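Reader: Could you take me through the labels used for this model and show what each one rests on?

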Amino acid sequence: MKFFIDTANLDQIKEAYDLGILDGVTTNPSLMAKEGITGEANIIAHYKAICDIVDDNVSAEVIATTFNEMIAEGEMLAALNPKIVVKVPMIKDGIKAIRYFSSKGIRTNCTLIFSAGQAILAAKAGASYISPFLGRLDDISTDGLKLIEEIRLIFDNYAYPTEILAASIRGPLHIIACAKLGADVITAPLPAITALLKHPLTDSGLATFLADHARASGL
Ligand code: E4P
């Protein structure tokens with residue numbers, strides 16, 4: 001399972017990359033705004049800065065919502081760096097745009113997926129990734145993990161090459177559940193990823209090992 005970090009914060013991206021487990025980055029307009037990145041020139045510079053940190057898979061979301069504008073914006077974003085994956089919203093013109101980008105060899109991430117039907121359409125259009133938002137489904141008392149399970153079954157039935165990118169992850173248990181269900185990728189905030197490191201028995205076990213070593217060594 002690939003690990004992406006879900007942030008536009010350069011320090012957090014560097015920290016996750018330095019851990020040696022990072023396969024990519026997802027951003028969205030809200031995450032860019034949170035970092036205070038506004039204006040086309042600054043947004044473009046920020047995507048380039050992210051691409052300089054990681055090896056591949058930098059999702060850059062189009063702001064446009066009509067076909068022609070999405071094509072123009074997506075081609076501009078894709079031309080910034082071969083690591084860019086154009087993130088396209090799950091709307092009618094978005095599906096057309098994904099088909100267009102697919103025919104041009106431009107990778108896409110279809111975002112704001114909340115149903116299996118949406119996932120099927122995006123896969124048929126040739127999306128490289130689809131992003132089901134499981135946390136936001138949980139927020140409205142709908143089982144987000146059930147959606148991941150459904151999409152996994154459907155994509156396996158037809159051997160769709162589109163990768164399931166589980167998004168809107170809220171904690172380490174979401175990540176583990178996605179791994180059990182066979183999601184191809186998770187994107188999560190840094191605290192959810194680093195929480196996987198932790199176990200109190202690891203901490204107490206290490207403390208005992210070090211204390212025993214010190215005692216036996218006469219330290
Ligand atoms: C990822 O691509 C999404 O933009 C992100 O996971 C949304 O997460 P949120 O529901 O925590 O905003």
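Author: Sure, here come the cysteines and then a helix pair. This is a predicted model, where local features need pLDDT of at least 70, side-chain atom pairs count only at pLDDT 80 or more, and totals for chains, interfaces and linings use all residues. Residues are numbered from 1 along each chain as its sequence is written, and side-chain values use heavy atoms, with hydrogens and water left out.

Reader: How do you know that Cys 110 is too far from Cys 178 for a bond?

Author: A disulfide needs a pair of cysteine sulfur atoms within 2.5 Å. The closest cysteine sulfur to that of Cys 110 sits in Cys 178, 17 Å away, so that is too far for a bond. Searching the whole structure turns up zero disulfides.

Reader: Why does Cys 178 count as buried?

Author: Buried means under 20% relative accessible area, exposed over 50%, partly exposed in between (1.4 Å probe, protein chains only). Cys 178 has 0% relative accessibility, so it counts as buried. Cys 110 is also at 0%, and therefore buried.

Reader: What makes H8 and H9 roughly parallel?

Author: Helix H8 (residues 144-158) and helix H9 (residues 172-181) pack at about 20°, with axes 10 Å apart. Angles under 35 degrees count as roughly parallel, over 145 as roughly antiparallel, 65 to 115 as roughly perpendicular and the rest as oblique, so H8 and H9 are roughly parallel to each other. The contact (heavy atoms within 4.5 Å) is made by Leu 145, Ile 148, Glu 149 and Arg 152 of H8 with His 174, Ala 177, Cys 178 and Leu 181 of H9.

Terms used: Axes fitted to C-alpha atoms, helices over the stretch in contact; angles between N-to-C directions. Helix = DSSP H or I, 4+ residues; strand = E, 2+ residues; numbered from the N terminus.
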